[in-house]
Every structure is written in structure tokens, then in C-alpha cells.
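Got your viewer open and your mouse ready? Let's take a walk through this protein, one selection at a time.

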Amino acid sequence: MFRSLRVRNYRLYASGQLVSLTGTWMQRVAQDWLVLNLTNSGTALGIVTALQFGPSLVLGLWGGVLADRLDKRKLLLATQTALALVALTLGLLDVGGVVQYWHVLVLATLLGVVTSVDTPTRQSFVVEMVGRDDLTNAVGINSTIFNGARILGPAAAGLTITAVGTGWAFLANALSSLAVLAGLWLMHTDELYPAPPIERARGQLLAGVRYVLGRGDLVLTMVLVFIVGTFGMNFQITTALIAKQVFHRTATGYGLLSTALAVGACVGAVLATRRTRRPSSLFLVAAATVFGLIEVAAGSMPGFGSTAALLVPAGLAMLTFTTAANASVQLGVEPTMRGRVMALYLMCFMGGTPVGAPIVGWVAGAFGPRWGMVGGGLISSGAALTLGLIVARRRQVALTDLATRLLPRAARPVSRRVGRPPGDQRRTAAART
């Protein structure tokens with residue numbers, strides 16, 4: 001289940017990430033709470049989120065090109081240092097009592113610019129630490145670490161904000177960056193599995209785009225990730241508004257809702273470590289549909305406790321979908337294309353947030369905080385079902401193909417294939433990929 005941790009370099013990376021990501025989640029909660037205290041506006045919070053993730057739309061693919069050209073470890077040392085300096089600046093402004101809304105806007109934008117290079121580099125660096133055979137396991141462990149930090153971070157942020165204010169949460173994040181920097185510095189570079197670096201040349205950005213557009217499986221995954229990420233995964237906005245405006249809770253209440261979501265996500269990530277092969281398109285469609293339906297139910301709950309309880313399975317379904325999508329993309333690409341393809345994947349995953357965050361914030365302000373979450377779930381599940389039906393129709397998937405993937409062996413029905421000549425082996429194989 002945790003076989004990737006046998007690799008020394010990955011152990012260093014993973015332990016540093018756990019500390020650093022805990023600080024990152026402290027900053028996310030503190031930043032959202034700071035904006036609400038400064039403005040008391042869901043729209044203002046949505047704008048900050050949009051500025052933080054917006055650079056991924058413009059610079060994300062360029063960041064992927066850098067990841068393919070340069071030494072990923074050295075590039076991560078630079079980006080992680082820059083992220084620490086941004087957190088330190090915001091913390092000092094807040095602790096000094098001079099922070100204003102425009103400060104948060106500027107620093108959120110800088111954070112987004114650095115992240116547009118850091119994230120595709122981190123994603124494509126994982127396989128260079130553990131090798132291709134252990135990649136799916138490492139992706140699951142990465143998600144477990146991310147969501148373990150997602151449990152610890154919001155809880156620690158809630159206590160810190162209540163005790164000493166939001167500024168100290170930002171300073172804690174800056175300090176936590178030292179852990180991941182130390183892990184990167186102490187790695188044995190001769191034990192890495194580096195992809196061959198590409199030479200600087202014209203047209204490398206477009207080459208990455210053409211590569212993805214020529215692969216129907218990658219296009220389906222990225223469209224799904226874009227829609228679900230844009231409308232369904234804005235929990236940093238919806239849970240903050242529900243905690244503050246529906247249940248009239250403090251930052252501790254917001255932290256509890258975030259922690260409930262993270263508990264389920266952590267369970268989903270742990271289960272993902274057992275995955276040994278590339279997830280199918282049908283599995284991705286089913287996971288996105290289930291996530292959207294559970295999100296609708298969570299947003300409809302009448303009480304704080306029932307909302308928190310439904311956020312646990314919502315987190316599990318969310319991580320089941322995202323880890324499967326990540327593994328599907330990484331295992332389906334050429335090594336020399338991995339940085340650019342992962343950049344495109346992350347542009348879809350995070351780059352839609354600048355579009356979705358203001359919309360979700362506006363919907364929550366116009367129709368009530370619950371509708372931000374309910375609407376996101378309806379769009380996610382509806383889009384997943386529609387895409388699934390389109391793919392099934394084009395591939396003429398038979399009922400037995402569906403049963404093979406969705407039902408236990410003992411419960412699988414015997415069904416005729418519909419719309420496909422029995423001897424057409426090529427289309428049968430295509431339907432199963």
C-alpha cells in the first residue's frame with residue numbers, strides 16, 4: 001500500500017510535503033477568513049480565488065515547458081522559496097495591522113504566478129523519484145499527504161486564528177516551507193529517474209497541445225476535470241459562506257467543515273494507493289457523477305452536523321475522481337511530453353477556478369450560500385453523465401462492458417452486444433480502453 005516510501009528520495013519529498021502542505025492549508029483558510037473579515041463579501045472572496053488560480057490559464061503551459069527543459073529538482077527549490085516569501089510578506093502585513101484588501105489581491109496573484117510553474121513541475125517530478133512501476137502508488141500517497149495536511153491545516157488554522165489572528169497562520173506557512181526545501185536539498189540525485197530534457201526550440205507549446213488533442217482519452221479526462229474543478233470543487237468558498245452566513249459559526253466552524261471534507265478525501269486517497277493500473281474512462285465518468293450527487297446532498301442538509309457528515313463521502317468521491325484522473329494522464333503520456341501534458345491537465349483542473357469561483361460566489365450571494373454548493377454538484381454530475389453517454393454512444397459500448405467494470409463478478413449479467421458485429425475485434429478492444 002505504501003511501497004513508494006521505500007525510495008529514500010521520495011521519503012524525503014513526502015515528509016517535507018506533509019509539513020509544507022499543512023502550512024499551505026493554514027494559509028488558505030486564513031486568507032479566506034481574512035478576506036471575509038475585510039469585506040464580508042462572497043464576490044470579493046471569489047475574486048481573490050480567481051486571481052490566485054488565474055495565472056494557471058495563461059502561464060501553466062509555459063510552466064510545463066520549463067519542467068520539460070530544466071532540472072525539476074532545482075526548479076522546485078526556486079519556486080518553493082518564492083512561495084515562502086509571498087506567505088512571509090502577507091503574514092508581516094497582517095501581524096503589523098496594515099493589511100488591506102488590495103494587498104491580498106496582489107499577493108494572491110503573485111502566488112498564482114509561482115504556482116503555475118511549481119505545480120506542473122511537482123506533478124511530473126513524482127515519476128522521476130519512484131519510477132513508472134510505482135507511479136500510481138505514489139500518486140495515491142501524494143493525495144494522502146495532501147489530504148492529511150488538509151485535515152491538520154484547517155484545524156490548526158482555526159485554533160491559530162481564534163487565539164492570535166490570521167497573520168500568524170501566514171507566518172507558519174512561510175516557516176513550513178523549510179521542510180520541503182530541506183527534503184529537496186538532501187536528495188541523492190544519482191538515484192532519480194530523470195526524463196530526457198528537451199532542447200529549447202520553437203513550437204514546443206503547440207506540440208504539447210497537439211499531442212493532447214490527438215488523444216481522445218486525454219481530452220475526455222481534461223474536459224471532465226475542467227467542469228468538475230470549475231464548478232464542483234469550490235469548497236473554499238462554499239464551506240466558508242455556509243459556516244459564516246447559514247450556521248453563524250466562527251473560523252473554528254469553517255475549519256471543522258474543511259476538516260470533514262479532508263477526512264473523506266484522505267480515505268479516498270489511501271484507497272487510491274491500492275490501484276495498480278490505469279483507470280478507465282468509464283471509471284472517471286462514474287466517479288465524477290457520484291461526487292456531484294453527494295455534493296448536492298451535502299449542500300441541502302439542514303444542520304451543521306449533517307452538512308459536515310455528508311462532506312466526508314463528498315471528499316472521498318472527490319479524491320477518487322482526482323487521483324484516478326491524475327494517474328490516467330501520467331500513465332498515458334510519453335516521458336518527454338509529461339511536463340507539458342501535466343501543465344495542460346492542471347490548467348484544466350485549477351485554471352477553471354477563475355471562471356467558476358466568481359460565478360459560485362455570485363450564485364451564493366444572489367440565491368443563498370447553499371446554492372453555491374448545490375449548483376456545483378448539479379453541473380458536475382450532469383456534465384459527467386452527458387459525457388459518459390456521448391462516449392458510450394460513439395464507442396457502441398455493450399451492456400456487458402459496463403457490467404464488467406461496475407459490478408462484482410458474481411453479479412455480472414449475461415448480455416448481448418448491441419450494434420457491433422461479433423467479429424469486429426478492433427472496436428471491441430477500443431470500447432474497453
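Start with a cavity. The one to look for is the second largest, and its lining splits by class into five nonpolar residues, five polar ones and no charged ones. One thing to keep in mind as you click around: this is a predicted model.

**Stop 1: the cavity**

To find the spot, select Ser 56, Gly 60, Ser 116, Pro 120 and Leu 346, which lie nearest the centre of this cavity. They belong to a lining of 10 residues. Now colour helix H3 (55–69), helix H5 (101–130) and helix H14 (338–351), since these are the elements that give two or more residues to that lining. How big is the space? Its volume is about 50 Å³. How many cavities of 30 Å³ or more does the count give? The count comes to two.

**Stop 2: a salt bridge inside one helix**

Stay on helix H5 and pick Asp 118 and Arg 122. These two form a salt bridge, and their closest N and O atoms are 2.7 Å apart. Look at where they sit along the helix: Asp 118 and Arg 122 are four residues apart in H5, so about one helical turn separates them. Are they buried or exposed? Both Asp 118 and Arg 122 are buried.

**Stop 3: a salt bridge between two helices**

The count of salt bridges comes to two, so there is another one to visit. Select Glu 128 and Lys 72, whose side chains meet at 2.8 Å, N to O. This pair links distant parts of the chain, with Glu 128 in helix H5 and Lys 72 in helix H4 (residues 72–95), 56 residues apart. Try showing the surface and hunting for them. Glu 128 has a relative accessibility of 5%, so it counts as buried. Lys 72 is buried too, because its relative accessible area is just 7%.

**Stop 4: a nonpolar patch outside**

Keep the surface on and select Leu 57, Val 58, Val 355 and Ile 359. Together they form a nonpolar patch on the surface, with about 340 Å² of accessible area. Which helices supply it? H3 and helix H15 (353–367) each bring at least two of the patch residues. Zoom in on Ile 359, which has its place in helix H15. With 39% relative accessibility, Ile 359 counts as partly exposed.

**Stop 5: an unusual backbone angle**

Next, go to His 248, in the loop between helix H10 (235–246) and helix H11 (251–272). What is special about its backbone? Phi of His 248 is near 55°, a positive value in a residue other than glycine. Most residues other than glycine have a negative phi, so a positive one is worth a click. Is His 248 buried or exposed? It has a relative accessible area of 64%, so His 248 is exposed.

**Stop 6: far along the chain, but how far in space?**

For this last stop, turn on the distance tool and go from C-alpha to C-alpha.

- Ile 237 lies in helix H10. Pair it with Thr 49: the two are 188 residues apart in sequence and 8.5 Å apart in space. Ile 237 has a relative accessible area of 0%, which means it is buried.
- Gly 148 is found in helix H6 (residues 135–164). Its partner here is Leu 18, 130 residues away along the chain, with 7.5 Å between the C-alpha atoms. Gly 148 counts as buried because its relative accessibility is 16%, and the cut-off for buried is under 20%.
- Asn 142 is found in helix H6 as well. Select Ala 269 with it: they are 127 residues apart in sequence and 8.1 Å apart in space. At 21% relative accessibility, Asn 142 counts as partly exposed.
- Gly 315 lies in helix H13 (residues 304–330). The C-alpha atoms of Gly 315 and Ser 258 are separated by 9.7 Å, while their positions lie 57 residues apart along the chain. Gly 315 counts as buried, since its relative accessibility is 0%.

Before you close the viewer, go back to Gly 148 and Asn 142 in helix H6. Which of them is buried? Gly 148 is, at 16%, whereas Asn 142 at 21% is partly exposed.

Notes
Residues are numbered from 1 along each chain as its sequence is written. This is a predicted model: local features need pLDDT of at least 70, side-chain atom pairs count only at pLDDT 80 or more; totals for chains, interfaces and linings use all residues. Side-chain values use heavy atoms; hydrogens and water are left out. On a 1 Å grid over the protein atoms alone, a cavity is a set of points where a 1.4 Å probe fits but cannot get out, and a pocket is an open set with protein on both sides within 12 Å along at least five of seven lines; lining residues have an atom within 4 Å of a point. Grid points are joined across faces, edges and corners, and a volume is the space filled by probe spheres set on the points. Ala, Val, Leu, Ile, Met, Phe, Trp, Tyr, Cys and Pro count as nonpolar, Asp, Glu, Lys and Arg as charged, and the others, Gly among them, as polar. Patches are made of residues with over 30% relative accessible area and no salt bridge: like charges are joined within 9 Å, nonpolar side chains (Val, Leu, Ile, Met, Phe, Trp, Tyr) within 5 Å. Accessible areas come from the Shrake-Rupley method with a 1.4 Å probe; for residues, only the protein chains shown count as cover. A salt bridge is a side-chain nitrogen of Lys or Arg within 4 Å of a carboxyl oxygen of Asp or Glu. Buried means under 20% relative accessible area, exposed over 50%, partly exposed in between (1.4 Å probe, protein chains only).
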